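Q: Please take a close look at any disulfide in this model. Set it against the chain as a whole, and add whatever else in the backbone deserves a second look.

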Amino acid sequence: MKKIILLLLTLFNLTLSYSQNLYPEKYKDCSLTNFCLDCGDTKAEPPNSLMNELLDKFDKKSLSKIKGNIEVQILIDENGRACLLSSANQTNISSNKLGLQKAINSTSNWESAISENKKTNSSVSFVFEFENGNFSAKRRNFDFKNQSNVKSVGSPEVKGTDKNKLSKTWTVFTQQNSELPWDMTRAVANDLENNIWIGTDNGIVKINNGKWEHFNSKNTSISSPAYNKNETQSVRNLEVDKSNNKWFIAGWDVYKYDNNKSWTKYDSINSPINWARKIFVDHSNNVWFTSWDGVAKFDGKNWSVINKQNSNLPTDKTLGVYVDKKDRIWIGTFEGNVIIEKGITKSLNEKNSPLSKAYISKIYEDKKGNLWFDLYNDKSEEAGIYVLDLQGKWTRISHPNPKMFSENAINDFYLDEESNLLWITLNGVGVLSYDTNLKKWETYTNENSNVPSIHCERITKDKDGSIWIATYAGIIMLNK
C-alpha cells in the first residue's frame, strides 16, 4: 500500500496583481485572470482527502513505474475550485500520461485564501515525489527576498544522441563565469549592429564585442516585482525591429528601447496590449503581439487589433502570428488557424492540411519562399515542424519518435539556411538539430552535452555565424 505523506511548509508572503506561470509546462484551461501567488492572511488549504483523491485519479499503470518529482502550481479560486496552471515534470512519465491535470482539477473544494476578511483567488505550489512505489507531497517554500540567483536544470524526458556522435559543442555563460545577472534566461536576439541582447528573470544584458552592459529596474522603466524592489520583472520575450529598436515583454507589459536610448512602456492604459505573449516584426516593420485578447499591431504611430469580434477569429486566445511576403496574415489560436488576405478571414480547416490538426505557433519564410511552420498540439501526434512549398505541397520534418513534438512542446525554431541546419528548442528535453540535407537528427540534453538545462527557449544567430540559445540555467553559444 502506498505511503501518504503531506508536509505543509511555511510559505512566503507574495502578492501580485497579475497571473504568472511559475513552471515551464503550461495549461490553458484555467479561467482566472487575476490572482496572487500564495497570498492571504489565511492561505489556501487543500482538502484532507487530497492525497487519496490524487492517487485515485492518477493513471494506475503510470503510478507503478513513475519515479522523480513534479512541481505544480495550482490556482484556487474564491469558491475553492482547483485548476492546474503550470508544472515542472522531472519524472520518467509525462504529465499527460500520468493524468496530472485531470487529477488536480477534479479534487474536492479547497479552503480559499482570505485577505482582509474576504475570500480571494490565489495560487499554491506543491512538490510531488514518487520513489519506490511511495507518493508524498510537500508544499513549496519560496524565499524570493533572499535569492541571489535562480536556475532550473531538470532531467530530460527522452534520451539524447550518443555524446560521441554529437557534432557540435557549446560555450555556457552563467552568473558564475560571466556578467550574466541571472541564470534563468528566456529570450535572446541579435540586433542590426551585431549586439546580443539577453532577457533574464532579473534584468537585460547587451553584449557588444565582449563588453556586457546591464539594464534593470534602476536604469530603465521596467518595473520591479512586487516582492522585491531590488530585482527586475522577468523578460519573457524580445525582438529587434528593422529600425533597430528593441522590444521586450517584461511581466505582461511591453517595453521599447529606441536608438535615442529612451524607454517607452506600453500597457492596457496606452495601448490595446493586455498580457502580451509573443512579438513578431513583419517585413514592413509593423510590430505584432499575440495575447489572450487577440492580436495587437503597432505601425509606429497607431495601434490596431485583430480579434474574434472584428475578424472572425475562432477565439481571442492567440498563439502565433506571421505576415508573409504576399501580405497574408497567418494567425494561430488555441481553437484553430486562420489566414487574412485583403481583409477577408479564411479558416484553415481543410482535412488534408496539417493546419486542421494543430495550431500555428511560429512561421518562417525561407529565401525560396517556402513557409516553415511550428504547429502545436499537446494532444495530437500531428504537432511538429512542417514546410509548405510554393506549389502548395506540405512536407513534414519527421522525427524517428512520432510523439516527440506532442509530448514535448517546441519552444522555438531557427532555420540556418547557410549551414542547412534546423535548430529546435524542445521543452523538457533540450536542443535538437536537424540537417536538412542529410536528414539527420542530433539531440543535445544536459546528460550528453554541456547544454545546462532541459528548459531551452529563444534562439538567434549572430552575424559571425554563432547560434545563441536562452536556457533556464544560463545562455549558450554554439562553438563554430
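A: For the charge count, Lys and Arg are taken as positive and Asp and Glu as negative, while His and the chain ends are left out. On that basis the chain carries 61 positive and 57 negative charges, and the mean positions of the two sets are 3 Å apart. The model is predicted, and what follows should be read as such.

The chain as a whole comes before the disulfide. It has six helices and 37 strands. The radius of gyration is 22 Å, close to the 23 Å that the globule rule gives for 480 residues, so the chain is as compact as a globular protein of that length. Along its principal axes the C-alpha trace spans about 60 × 50 × 45 Å. Of the 480 residues, 58% are buried. The accessible surface amounts to about 22,100 Å², and carbon and sulfur atoms hold 44% of that area. Among contacts with a separation of 6 or more, 55% are between residues 24 or more positions apart.

Now to the part in question. With sulfur atoms required to lie within 2.5 Å of each other, the count is one disulfide. Its partners are Cys-30 and Cys-83, with an S to S distance of 2.1 Å. Cys-30 sits in the loop between β2 (25-26) and β3 (36-37), whereas Cys-83 belongs to strand β5 (residues 82-91), so the bond ties together parts that are 53 residues apart in sequence. The torsion about the S-S bond of Cys-30 and Cys-83 is about -100°, which means that the disulfide is left-handed.

Are the two ends buried or exposed? The cut-off for buried is a relative accessible area under 20%. Cys-30 has 5% relative accessibility and therefore counts as buried. Cys-83 has a relative accessible area of 14%, so Cys-83 is buried too. Another cysteine, Cys-456, is at 0% and is buried as well.

Ile-66 can be looked at in the same way. This residue lies in the loop between α2 (60-63) and β4 (68-76), and its 5% relative accessibility makes it buried. Leaving aside residues up to four places away in sequence, Ile-66 touches Thr-91, Asn-92, Ile-93, Leu-98 and Phe-130. Of these, Ile-93 is 27 residues away along the chain, and its C-alpha atom is 5.8 Å from that of Ile-66.

Two backbone positions complete the picture. Most residues other than glycine have a negative phi. Asn-194, not a glycine, has a positive phi of about 65°. Asn-194 is in the loop between β11 (185-190) and β12 (196-200) and is partly exposed, at 23% relative accessibility. Lys-261, also not a glycine, has a positive phi of about 60°. Lys-261 is in the loop between β17 (253-257) and β18 (263-266), and at 63% relative accessibility Lys-261 counts as exposed.

Technical notes: Residues numbered from 1 in each chain as written. Predicted model: local features only at pLDDT ≥ 70, side-chain atom pairs only at ≥ 80, totals over all residues. Heavy atoms only, no water. Helix = DSSP H or I, 4+ residues; strand = E, 2+ residues; numbered from the N terminus. Buried < 20%, exposed > 50% of the residue type's maximum accessible area, 1.4 Å probe, protein only. Rg over C-alpha atoms; globule rule 2.2 N^0.38 Å. Contact = heavy atoms within 4.5 Å. Areas by Shrake-Rupley, 256 points an atom, 1.4 Å probe, with all protein chains shown as cover. Charge placed at Lys NZ, Arg CZ, Asp CG, Glu CD.
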